[in-house]
Amino acid sequence: MFWSLLQPYLPYITVGAGVLSIICLIIAIVALASSRRMKRRLSQWKDIASTSDLEDVFLSTKQAVKSIQEQMSDVEMALAQMHEALQRKVSTPVMQRYNAFAEVGSDLSYSVAFLDDVGDGVVLTSIYGRDDSVTYGKPVVHGDSEYLLTAEEQKVIESVMQHEASDKVKVKSL
């Protein structure tokens, strides 16, 4: 009797069951894909630390950041020391050649300034003459010397202090 009541509706029930099974199949596929994504994420977390405990992962990450910050602080301090030491090293020397005496036919005399960024160092001058050649070295402190400076010496000192060597010969230090 029950079957006789359902018989006229049997095609509808079959179609409904088919649609319901297709919907269940789609839900199962979506659940499977979601499960794979979750497994992938879990394996990434496990790669971060050997344990799956999030507190341990957080603590190890926090310690790693603190270690990197300490290293960064050390590097910044070393860089500041190097910058300070570099200011006390000789900048690019500037050389100017000139003719010290009219009877000598060439620019065989020269002045070279070896100064640091503060303006301390030495200026060397070589005066070439027909009979002899003389070399002078004069200490320079803050761009000036206690010894009398020639115009050429003052020029090379100013060029080094202004970091320019436009028409002068630049000599790069090693």
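Start by selecting strand 1, residues 94-98: four of its five residues are buried, so the strand is mostly covered. The model on the screen is a predicted one.

**Strand 1 and its partner**

Add strand 2 to the selection. Strands 1 and 2 pair in the antiparallel sense, over five bridges. To see how they line up, pick Gln96, which stands opposite Ser111 in strand 2.

**The whole chain**

Now show everything as a cartoon. The protein chain has four helices and five strands. Followed along the sequence, the pattern is α-α-α-β-β-β-β-α-β. Of the 174 residues in the protein chain, 19% are buried. The accessible surface comes to about 13700 Å², and carbon and sulfur atoms account for 61% of that surface. Among contacts between residues at least 6 apart in sequence, 44% join residues at least 24 apart.

**The largest nonpolar core**

Select Val94, Ala113, Leu115, Val123, Val140, Leu149, Val156, Ile157 and Val160 and show their side chains. These nine residues form the largest nonpolar core. Strand 2 (109-115) and helix 4 (151-161) each supply at least two residues of this core. Helix 4 gives the most, with three residues.

Next, centre the view on Ala113. Which residues does Ala113 touch, leaving out residues up to four places away in sequence? They are Pro93, Val94, Val122, Val123, Val156, Ile157 and Val160.

**Arg88 and two aspartates**

The structure holds three salt bridges. Begin with Asp116 and Arg88, whose closest N and O atoms are 3.5 Å apart in their salt bridge. Asp116 sits in the loop between strand 2 and strand 3 (121-128), while Arg88 sits in the loop between helix 3 (54-87) and strand 1, 28 residues apart.

Keep Arg88 selected and add Asp120. Arg88 forms a salt bridge with Asp120 as well, with the closest N and O atoms 3.4 Å apart. This pair also links distant parts of the chain: Asp120 is in the loop between strand 2 and strand 3, and Arg88 is 32 residues apart from it, in the loop between helix 3 and strand 1.

Are Asp116 and Asp120 buried or exposed? Asp116 counts as buried because its relative accessibility is 6%, and Asp120 counts as buried because its value is 17%. Arg88, at 48% relative accessibility, counts as partly exposed.

**Lys138 and Glu153**

Move to Lys138, in strand 4 (residues 133-140). Its relative accessibility is 13%, so Lys138 counts as buried. Add Glu153, which forms a salt bridge with Lys138, the closest N and O atoms being 2.9 Å apart. Glu153 lies in helix 4 and Lys138 in strand 4, so this salt bridge ties together parts that are 15 residues apart in sequence. Both Glu153 and Lys138 are buried. As for the other salt bridges, shared partners join Arg88, Asp116 and Asp120 into one network.

With Lys138 still selected, show its surroundings. Not counting residues up to four places away in sequence, Lys138 touches Gly121, Val122, Val123, Ser145, Tyr147, Leu148, Leu149, Thr150 and Glu153.

**Last stop: Ser133**

Stay in strand 4 and select Ser133. Ser133 counts as partly exposed, because its relative accessibility is 46%. Leaving out residues up to four places away in sequence, Ser133 touches Ser126, Ile127 and Tyr128. The side chain of Ser133 reaches the backbone oxygen of Ile127 at 3.4 Å. Finally, mark the C-alpha atoms of Ser133 and Leu108: they are separated by 9.7 Å, and the two residues are 25 residues apart along the chain.

Key. Residues are numbered from 1 along each chain as its sequence is written. This is a predicted model: local features need pLDDT of at least 70, side-chain atom pairs count only at pLDDT 80 or more; totals for chains, interfaces and linings use all residues. Side-chain values use heavy atoms; hydrogens and water are left out. A nonpolar core is a set of buried Ala, Val, Leu, Ile, Met, Phe, Trp, Tyr and Cys residues joined through side-chain atoms within 4.5 Å. Buried means under 20% relative accessible area, exposed over 50%, partly exposed in between (1.4 Å probe, protein chains only). Contact means heavy atoms within 4.5 Å. Two strands pair if DSSP finds at least two bridges between them. Accessible areas come from the Shrake-Rupley method with a 1.4 Å probe; for residues, only the protein chains shown count as cover. A polar contact is a pair of N or O atoms within 3.5 Å; within protein, one must be able to donate a hydrogen and the other to accept it, and residues adjacent in sequence count only if both atoms are side-chain atoms. A salt bridge is a side-chain nitrogen of Lys or Arg within 4 Å of a carboxyl oxygen of Asp or Glu.
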